[in-house]
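Hi,

Here is the structure I said I would send over. Have a look at it first, and then read on for what I found in it.

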Protein chains: 2
Amino acid sequence: MNEDEIEGRLREFEVICRRRGLPLTVQRRDILKAVLERDDHPSADQIHDAVKERIPGLSRTTVYRVLDTLVEMGVIRRLHHPGAIARFDGKIHRHHHLICRSCQHVIDIETKSFDTLKLAPSQRHGFEIEDFTVHFVGLCAECRRKMS
Amino acid sequence: MNEDEIEGRLREFEVICRRRGLPLTVQRRDILKAVLERDDHPSADQIHDAVKERIPGLSRTTVYRVLDTLVEMGVIRRLHHPGAIARFDGKIHRHHHLICRSCQHVIDIETKSFDTLKLAPSQRHGFEIEDFTVHFVGLCAECRRKMS
DNA sequence: CTCCGTGCAAAAGGTTTGCACTGGT
DNA sequence: ACCAGTGCAAACCTTTTGCACGGAG
């Protein structure tokens, strides 16, 4: 994500905070910035590592709590990729994932042609669908090479 | 999954074991049976609870190890739904999921019309795609009711 | 008989919680 | 000044690992 885009998202975040009366702390701002600055899907611990350079006393606890808050606010997303560790993503628009079943590496893809994907009302089980993600599972080039 | 189907899957499992020279233990058979018997996506601990009624001395460790073996054999699948706990599924054919972002409840859906979904070669990043799953995220009827 | 699988206990992460203090509004 | 947010430590929960024993091939 480029500098301008990040600035925009941070300002948007400030607006949501004020509207909800949520205190705008340095920790929240810097943690959000750290998530937006990365294109991979960092774990809570990776975020902690990145942010504690700017905020030396930053505790892991705070990172977890702030990430929860940000997810709840809808400014970042919680992902559930293989590895059993929660990972976070600043991209909140629709995108999909390629997941290697061997090394568990994840690559983001944006395939606009899937946007027409729709669930028939009879299949919705009373859900109000807000979005969807397609997970493609297979073997990455690297792992395929290693196996042969 | 009905009785006959489970029987078939268990026999299929025995065949794979013999072919690979893997010892066919009571634990493996009963753990697989427990996963097949459930339509929700039980966690390792839920499997442990279910099976230890039949095998009182069963240890959690064994459940984890057997589940790994079964996944590696391809007779069950490991899922990564919200909740940060690995969950397992006996359904190994393609199916999709409705996930409530509030209560994290998961419902299986089988939507054959998605079977045509295909990734353009330029989007494959060298991956060999084997399968895919669509995750629909939204609010279930129950949570929507509670919020209003 | 030989190994692999199992059970137990302990360790190893990741995440959550209780409490006192700090800092934003 | 008030209340929410933070830091620290400890608790918690899921999963993994080391080692000795027992059962399957």
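Let's start with a pair of helices in chain B: helix H3 (residues 44-51) and H4(B) pack with their axes 9 Å apart, at an angle of about 115°. Keep in mind throughout that this is a predicted model. The crossing of H3(B) and H4(B) is right-handed.

Which residues meet there? H3(B) brings B:Ala44, B:Asp45, B:Ile47 and B:His48, and on the H4(B) side they meet B:Arg60, B:Val63, B:Tyr64 and B:Leu67. By type, the residues of this contact between H3(B) and H4(B) are five nonpolar, one polar and two charged.

H4(B) turns up again at the DNA. With four residues, H4(B) gives the most to the surface near DNA strand C. There are 20 residues around that strand, and the ones that come nearest are A:Leu24, A:Tyr64, B:Thr25, B:Arg28 and B:Thr62. So you'll want both chains on screen for this part, since that list has residues from A as well as B. The surface near DNA strand C divides into ten nonpolar, seven polar and three charged residues.

What part of the strand does the protein meet? Of the atoms of DNA strand C within 4 Å of the protein, 67% belong to sugar or phosphate, and the rest belong to bases.

A few phosphate contacts from chain B are worth a look:

- B:Thr62 has a polar side-chain atom 2.4 Å from a phosphate oxygen of DNA strand C.
- B:Arg28 places an N or O atom of its side chain 2.5 Å from a phosphate oxygen of the strand.
- B:Ser59 uses its backbone instead, with an N or O atom 3.4 Å from a phosphate oxygen of DNA strand C.

As for elements, those giving two or more residues to the surface near DNA strand C are helix H4 (60-73) of chain A, plus helix H2 (26-37) and helix H4 (60-73) of chain B.

Last, how the two chains relate. Chain B superposes on chain A, with an RMSD of 0.2 Å, after a rotation of 179° and 0.0 Å of shift along the axis. That is the relation of a two-fold axis. The same surface serves both copies, as 100% of the contact residues of chain B recur in chain A. Which residue of chain B comes closest to the rotation axis? B:Val134 does, with its C-alpha at 2.2 Å.

Cheers

Technical notes: Residues are numbered from 1 along each chain as its sequence is written. Chains are lettered from A and ligands numbered from 1 in the order in which they are written. This is a predicted model: local features need pLDDT of at least 70, side-chain atom pairs count only at pLDDT 80 or more; totals for chains, interfaces and linings use all residues. Side-chain values use heavy atoms; hydrogens and water are left out. A residue is near a molecule or strand if one of its heavy atoms lies within 4 Å of it. A polar contact is a pair of N or O atoms within 3.5 Å; within protein, one must be able to donate a hydrogen and the other to accept it, and residues adjacent in sequence count only if both atoms are side-chain atoms. Ala, Val, Leu, Ile, Met, Phe, Trp, Tyr, Cys and Pro count as nonpolar, Asp, Glu, Lys and Arg as charged, and the others, Gly among them, as polar. Copies are superposed by least squares on the C-alpha atoms of residues with pLDDT of at least 70 in both. Contact means heavy atoms within 4.5 Å. Axes are lines fitted to C-alpha atoms, for helices over the stretch in contact, and angles run from 0 to 180 degrees between N-to-C directions. A crossing is left-handed if the near helix is turned anticlockwise from the far one by less than a right angle, and right-handed if clockwise.
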